[in-house]
Amino acid sequence: MLTFERYEMPATLPEALALWAEAPAGARLVAGATDILPWAREGRAGDVDLPLGIDLSRVAELRGYERHGARVRLGANTVWQDFLDDPRLARWLPVMPYCSVWFADDQIRQQATLAGNLVNASPAADGTPPVLALNGELELCRWAGDHIMCRTMRVEDFVTGPGATRLAPGEIVNSVTLDIAEGYGASFQKAGLRRSLVISVACVAALVKLDETGTRFADVRLALGGVGPVPERLRDIEDRLRGAAVDARLIAEVAEATASRVASRSRVDYRRRVVPGFVRAALEEAADRARVAPSAAERKEAENA
Amino acid sequence: MPEMKLEMQVNGRKVMRLADPGQRLLDFLRDELNLTGTKEGCGAGECGTCSVFVDGKLVKSCLMPVAKAQGAEIQTVEGLAKPGELEAIQKAFHKTGASQCGYCIPGMVMAATSVLREAPEASLDEIKERMGGNICRCTGYSKIIEAVALARDVVTGRASPAVLEPETVGESYIGHNVRRLDAPSKVTGRLKYAGDMVMPDMAHMAVLRSPHAHAEIVSIDTSEAEAMAGVACVITAADVPGTDGFGVFVHDQPVMARGKVRHVGEAVAAVAAEDAATARRALTKIKVEYRDLPGLFDPEDALKPGAPVIHDYAPDNMVKHIPIRKGDIEAGFAAADLILEEAFSTQQVEHAYLEPEAGIAYVDHDDVVTVISPSQNITHHRHMLAGILALPINKVRFIMSPVGGGFGGKEDMIYQGMLALAAMKTHRPVRLVFTREESIAASAKRHPSRVTYRMGLTRDGRITAIRFEMLSDGGAYGMSSEGVMRKAAILSCGPYEIENLWIDTRAVYTNNTPSGAFRTFGGMQAQFATESMMDIAAERLGLDPFEIRRRNMMRAGSLTHTQQRLTSASIDRVLEAAEQASRWEPGAPTMRGPMRGDLGGPGTRAPCTLGARFETPKDSKERVA
């Protein structure tokens, strides 16, 4: 059972940051609340009485998203269901809907935030691999007495281990900025104990852009989750494939080598068997989808027609 | 507790309460507004019994601090239809028989409503995918999915609303689908389970449970807890006035641990207080001094000479041994061309009914101790409780509340005694609602069993003898072990006529969670072994698996394992139906390998995946991604 001595609902970022800066030891930020409530139960933290909960869901600055050139800046309160319900986000970030559909369930996705999933830093998080593949970057803000100070950090550098991040005391994640990957084909592969409501035993996020002939990899993004203390971007494979012809044998060959990336403490043999299959399936599926994904120019034409 | 002025629109009505903003929306709806159609099955977002709409979006109210719903429009299951009416989706659940225990049903109806609002054209696969956050333990989902598809067809105009009406029944009900009488109360959330009931001046109970598997209780000090503001009473085994002990067969289990604890999760003391949070806080003030005893965690160890003794009355740790002997197995094995020896083991299984154990007890104006609970065995419970309380039977009353799933798991009187004692001590109604974790820790499980099998067969597949030995982990208390072992023995060698057999089933005490009744009552563990043996034998003898079963099956006139003469038997028809339904290709299992034609056809379930919503039906508008 989770109880709070005090529960605050700040409406602006300065208010939230000021509360957080002054917060007593043990205070917690509450974003979607979908992890903190199950945490305070028997077998995990047990009954917890927190001195202060700062609920971020009404902070105006954390809402919405905006495009900046080839990147999109998502407010920290963006929830996982947004990637399924907002056609523009789905088009810009084609890997996110495929990840989202495997993320918890339709209801939890209405509350669970992208930023919360990243800050939680579970090694089995579904959300981190696609964010790594999209060169995700966080904006971390804190209250400096009379103004807001922000710094940016790559998600790859931010997550340092199971449940561990570089979030400094007093900091709040303000936004998550991702590459716009319109025209890429995408895939998300996941093994869990069941379809809904489970974290990943292993997952792979892939994005593929083909050249104008549709036969060569113009760009590849590949990231792996659930198989080590932190999710991992597979840059060596991306480099190897970039410029190469899309070829089942080549995909199988690079996929085979990924078994060695498994650094989990449990179920290593199982994961070593699953991961190469997932990498191959993800690359093939993303390449197939890239073939049918309309380019931005084609979409423009269709819209004007 | 902090307080905040919370204002929202609930089911179309303005609501204002001064309440704790950090409490869950679920608690606010149930405790403040008495909207108990929204259930709590797990409290961790896993089950979906608490699904409600917040500003049109379906969420799990156990995962939402109520402050997040400030100013929002809330719709609960009570708000779907006007009083006395049913929405199409509710009618569809009624029509298809989608509600059984009913505990998941309000959440299911809400999830189905969300599907029809968000994706009215959803395919069957998409319906399943979108409802993935809600679980059911009774129905197997088929009827629920059927109901959603039926409502979808009506809502989208593909089917006439008449399909939601009951089937006309002529002269006989046989051959017709008859709607359940209690379905409307379930699909509207109006049915009150024990945990939904409130009584004036009611106190709330929490239970202190043992962290040890086997330990002597040196002392229990409840004074600090009893002195706490808001605490109505603390009870321990010392409060039992009569002969302490209950059980389905042997009365070996005290209402609360007496002298020693025998498994992790056993009740040691209980607090009744003004609210559940106070009761839980008071538990932390109870001081129990334990002295660890050597524990037994494997049934094999329980049988070893010198093993720790768990119950004084059973120095050999034996709960029950059921032997069955028929014919002469030595002669049977001597006549065999092939002797197979195998060992099988099955694991502990939790029932996981969606309604965690709950109950409410009070002492009425005539001093009748009354317990309302979803007990699967109220008459037996009443008799046992009368002895425990040292009351004549007419001063003990049990009322069976709707059972939100039992499957055998609610046959044991594991908490009703505590409620009765607290009600007697305080003369107030006392309610206890288990958490999901508590339910898993304290309730009986399916027996983990090991079967050692020896089967003799002739070359043509006739079984000449079977020796079947089952050792089951009964856990810390007897519960239904005796009956489970009896059933396991009776069903052991399956529906096959065996001339020579030697069967022993044993359940022994260990310090594991008690084992008890669970659907099939020991049959499952036995059949897993027997049917596996039949397949192994078919493989070894090069026989078709159906054929080897036919050569041994019971027929009218057969003598069962317990030597009952059968006047009829139906396994021949069962085998025929299964053979046809599976489009079975005759032949030995070894001969066909992966080239079988009867795999992967219609009726075979496709691999589990997600993403049905990405498939764009030809006639619908563009979908996301």
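Which way does helix 14 of chain B pass helix 15 of chain B, in a right-handed or a left-handed crossing? Keep that one in mind while you set up the view; this is a predicted model, and the tour starts with the helices of chain B.

**Stop 1: two helix pairs in chain B**

Select residues 481-491 of chain B for helix 14, then add residues 523-541 of chain B for helix 15. The crossing you see there is right-handed. The two axes sit 8 Å apart, and the packing angle is about 30 degrees. Angles under 35 degrees count as roughly parallel, so helix 14 of chain B and helix 15 of chain B are roughly parallel to each other. Now show side chains: K487(B), A488(B) and L491(B) come from helix 14 of chain B, and they meet G523(B), Q525(B), A526(B) and Q527(B) of helix 15 of chain B. Colour that contact by class and you get three nonpolar, three polar and one charged residues.

Next, pick helix 11 (residues 378-389) and helix 12 (residues 416-426) of chain B. Here the axes are 11 Å apart and the packing angle is about 45 degrees. That makes helix 11 of chain B oblique to helix 12 of chain B. The crossing of this pair is right-handed. On the helix 11 side of the contact, look for H381(B), L385(B), I388(B) and L389(B); on the helix 12 side, look for Q416(B), G417(B) and A420(B). Four of the residues in this contact are nonpolar and three are polar, with no charged ones.

**Stop 2: the seven-stranded sheet of chain B**

Switch to cartoon and follow the strands of chain B in the order 8-10-6-17-14-15-16. You're looking at an open sheet with mixed pairing. Its edges are strand 8 (231-235) and strand 16 (396-400) of chain B, each paired on one side only. Going from one strand to the next, the twist averages 20 degrees.

For a closer look at one pairing, select residues 358-363 (strand 14) and residues 430-433 (strand 17) of chain B. These two strands run antiparallel and are joined by four bridges. Zoom in on G359(B) and you'll find L432(B) of strand 17 standing opposite.

Then bring in helix 8 of chain B, which lies across strand 6 (203-209), strand 8 and strand 10 (267-273) of chain B. Relative to strand 6 of chain B, helix 8 of chain B runs at about 30 degrees.

**Stop 3: where the chains meet**

Leave helix 8 of chain B switched on and show both chains. Chain B puts 32 residues into the contact, and chain A puts in 36. Helix 8 (276-283) and strand 4 (57-60) of chain B each supply at least two residues of the side of chain B that touches chain A. Which of the elements of chain B gives the most to that side? Strand 4 of chain B does, with four residues. By class, the side of chain B that touches chain A holds 15 nonpolar, eight polar and nine charged residues.

**Stop 4: domains of chain A**

Hide chain B and colour chain A by domain: domain 1 covers 2-55, domain 2 covers 60-179 and domain 3 covers 185-292. The C-alpha centres of domain 2 and domain 3 of chain A are separated by 21 Å. Their contact takes 22 residues from domain 2 of chain A and 23 residues from domain 3 of chain A. On the domain 2 side, helix 5 (95-100), helix 7 (128-133) and strand 10 (159-161) of chain A are the elements that give two or more residues. Helix 7 of chain A has the largest share of that side, five residues. The domain 2 side divides into 15 nonpolar, four polar and three charged residues.

**Stop 5: the four-stranded sheet of chain A**

Finish with strands 13-14-15-16 of chain A, an open sheet in that order with antiparallel pairing. Strand 13 (185-191) and strand 16 (232-233) of chain A are the edge strands. Helix 11 (residues 268-292) of chain A packs on this sheet and touches strand 13, strand 14 (202-210) and strand 15 of chain A. The helix direction makes about 30 degrees with that of strand 14 of chain A. For a last zoom, select strand 15 (residues 217-225) of chain A, joined to antiparallel strand 16 of chain A by two bridges. There, L224(A) stands opposite E232(A) of strand 16 of chain A.

How values were computed: Residues numbered from 1 in each chain as written. Chains lettered and ligands numbered in written order. Predicted model: local features only at pLDDT ≥ 70, side-chain atom pairs only at ≥ 80, totals over all residues. Pairing = 2+ DSSP bridges. Contact = placed C-beta atoms within 7 Å. Axes fitted to C-alpha atoms, helices over the stretch in contact; angles between N-to-C directions. Domains from an automatic or database assignment. Nonpolar A, V, L, I, M, F, W, Y, C, P; charged D, E, K, R; others polar. Parallel < 35°, antiparallel > 145°, perpendicular 65-115°, else oblique. Left-handed = near helix turned anticlockwise from the far one by under 90°.
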